[in-house]
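User: Please take a close look at one part of this structure and describe it for a first-year student. A connected account, with the reasoning made explicit, would be most helpful.

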Amino acid sequence: MKNNNYIWQKLDIFSLRLRLILGIALVSILGLGSLAGWTTWKMQRILINSHKSDIAKISERLPNDIQLYHEMMAMDVSLKKAINNLASSDTFLWVKNSQQQVIAKSENWNSLSPKTASDLMSLTEMSNKPELENVNQGYFVICGGDLSVNGKLDGQLFVVKDITNEQLMFIAMVRSLSIASICTIVIICAIIAIYIQRSLQPLRQLGKMTANISFSDLGEYELSIKNAPTEVQELTNTFNQMLSRLAQSWEKEKQFVSNVSHELRTPLTIVNGYLQSVLRRQNNLNPTQLEALNTASLETERTIRLLQDLLDLARADNGYLHLHKQPNNLHDLLLEVVSMAEKYSGRIVNIQANNQMIIASIDYNRLKQVLLNLIDNAVKYSPENTEITVKLALENKEVVIQVCDQGYGISLQQQSRIFERFYRIDEARTTSGGTGLGLSIVQTFVEGMGGKVNVRSRLGEGSIFTITLPVSQPLEQMKAEI
């Protein structure tokens, strides 16, 4: 049962390979089936027609023989004499009068079983043209007609030829031909399946090669398949041209984002400085002016943070994001981050960590930014009366940091996309808007430090973001260095 399930799982009913095999199998079945059927029908006709010709000759000759014998002997004797002369071991004749009584018959009926002879004798009418009939599991070509001598109707003639042996041999041959056709179709399908599998191998190779291409490989990756068919080579060249165009577009996009972010950040920083300077002398401002300036300052700071995130992502894409990794005490880092988050959000953030000193090689400022982003998300996507917890532990020589909330949760569909740039969950459930870059920054920095980040969440139960970082040195050695 397990093997059958595995086969069905591996069998793709929409695959080109299966469609080609089924198509060729159908054509083979129709072709060989039609050929076998026509051959069977033609051979059956040839077999029956040869016997029909013999019976027709007997029907035509009998009246002449009767007339010839009648010149020398009585009619009833002449009739029996003529019938016996034309009968053979497999040909049987008899004549019935108008009352359906047998008035003459050949003397070879004892070669047939009584049941078969009785069934044949009971026939009252036969076609003027010879036909094949199945009587008592035997096969006979039969023919009948009126018997006239010198223009006078003397009765009804019946002629039967036993072709049971020939017919049985023919049926056996047809069965053998059917079995041979089926075996031939199976062999053809097996050979075609192997051939198609090998023929489609270059396409599978092309699919595997393209599946491994990332944005960072666009400018350097070139597809190449040796000994591939011309069509696959053309498809490969088309893919390479498409990759080249994508690489150019990606480079232009990165350069544009980097340039725009850099050019806008400086004037916005100056504008924000002037706004802060004016706000420090707010005694001369009325409430409306003060509110407008505060709003402008907040939006300016938000835009500066957005531009900084874009710059960081652009540097990471270009390979220019340099992380200054050094051994640091993560417990101290956690205390600093939680303190800053509580001041910024006004929410209480709990810390769960044992007394063990955990040290890892990290970029202190970047990891602090990562944790602040995650805690900020937890604040945005959870009600004010729920807890936010940050956990720190050492598991299997890896540092595990978790940011847990009891908020609205994230659906499975959204969990697969939340690390995409500019992707934002439904804003109606958040307490403040975001740029959609925070989690992209988190993933970029964590992976840059050799770690991983993932999320586990259920709707209505909250979310857990887990950061896993490697421990580059034994704990005792790092303690000694510190």
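Analyst: **Buried cysteines, an aromatic cluster and a hairpin**

Cys404 has a relative accessibility of 10%, so it counts as buried, the limit for that class being under 20%. The model under discussion is a predicted one. Cys143 is likewise buried, with a relative accessible area of 4%. A disulfide is a covalent bond between the sulfur atoms of two cysteines. The structure contains zero disulfides.

The aromatic residues deserve the closest look. How many aromatic pairs does a search of the whole structure find? The search returns four. One of the aromatic pairs joins Phe92 and Trp109, whose ring centres are 5.2 Å apart and whose planes meet at 45°. This arrangement is classed as tilted because the angle lies neither under 30 degrees, which would be stacked, nor over 60, which would be edge-to-face. Phe92 belongs to strand S1 (residues 91–96), whereas Trp109 belongs to the loop between strand S2 (102–105) and helix H4 (114–121); the pair therefore ties together parts that lie 17 residues apart in sequence. Phe92 and Trp109 are both buried.

Trp109 has a further aromatic partner in Trp94. Here the centres are separated by 5.1 Å and the planes by 70°, which makes the pair edge-to-face. Trp94 lies in strand S1 and Trp109 in the loop between S2 and H4, so this pair ties together parts 15 residues apart in sequence. How accessible is Trp94? Its relative accessible area is 0%, and Trp94 is therefore buried. For Trp109 the relative accessible area is 7%, so this residue also counts as buried.

These pairs belong to a wider group. Phe92, Trp94, Trp109 and Phe158 form one aromatic cluster. Phe158 also has a charge placed over its ring: the charged end of Lys96 sits there, 5.4 Å from the ring centre.

The account now turns from the rings to a hairpin. Strand S3 (residues 131–135) and strand S4 (residues 138–149) pair in the antiparallel sense, with five bridges between them. Within this pairing, Asn134 stands opposite Tyr139 in S4. How many residues lie between the two strands of the hairpin? There are two, and Asn136 of this hairpin adopts a positive phi near 50°. Gln137 is found in the loop between S3 and S4. Although Gln137 is not a glycine, its phi is also positive, at about 65°. Is Gln137 buried or exposed? Its relative accessible area is 75%, so Gln137 is exposed, a class that begins over 50%.

The hairpin is also in contact with a helix. Thr164 lies in helix H5 (residues 164–211). Leaving aside residues up to four places away in sequence, Thr164 touches Gln137, Gly138 and Tyr139. The partner Tyr139 is the residue that stands opposite Asn134, while the partner Gln137 lies in the loop between S3 and S4. With a relative accessible area of 15%, Thr164 is buried, whereas Gln137 is exposed. The side chain of Thr164 is also joined to that of Asp162 by a polar contact of 2.6 Å.

Another threonine, Thr386, may be read in a similar manner. Thr386 occupies the loop between helix H9 (364–380) and strand S9 (388–395). Although it sits in a loop, Thr386 has a relative accessibility of 16% and therefore counts as buried. Its side chain reaches the backbone oxygen of Pro383 at 2.7 Å. Beyond residues up to four places away in sequence, Thr386 touches Arg347 and Gln406.

A loop residue on the other side of S9 gives a contrast in accessibility. Lys397 lies in the loop between S9 and strand S10 (398–405). At 72% relative accessible area, Lys397 is exposed, whereas Thr386 is buried. Lys397 takes a positive phi of about 60° although it is not a glycine.

One helix residue completes the description. Leu235 is found in helix H6 (residues 230–280). Which residues does Leu235 touch, when those up to four places away in sequence are not counted? They are Leu203 and Leu206. Leu203 is 32 residues from Leu235 along the chain, and the C-alpha atoms of these two residues are separated by 9.2 Å. The relative accessibility of Leu235 is 34%, so this residue counts as partly exposed.

Notes: Residues are numbered from 1 along each chain as its sequence is written. This is a predicted model: local features need pLDDT of at least 70, side-chain atom pairs count only at pLDDT 80 or more; totals for chains, interfaces and linings use all residues. Side-chain values use heavy atoms; hydrogens and water are left out. Two strands pair if DSSP finds at least two bridges between them. Helices (H or I, at least four residues) and strands (E, at least two) are DSSP runs, numbered from the N terminus. Rings of Phe, Tyr and Trp (its six-membered ring) pair if their centres lie within 6.5 Å; planes under 30 degrees apart count as stacked, over 60 as edge-to-face and the rest as tilted. Buried means under 20% relative accessible area, exposed over 50%, partly exposed in between (1.4 Å probe, protein chains only). A charge sits over a ring if NZ of Lys or CZ of Arg is within 6 Å of the ring centre and within 35 degrees of the ring normal. A polar contact is a pair of N or O atoms within 3.5 Å; within protein, one must be able to donate a hydrogen and the other to accept it, and residues adjacent in sequence count only if both atoms are side-chain atoms. Contact means heavy atoms within 4.5 Å. A disulfide is a pair of cysteine sulfur atoms within 2.5 Å.
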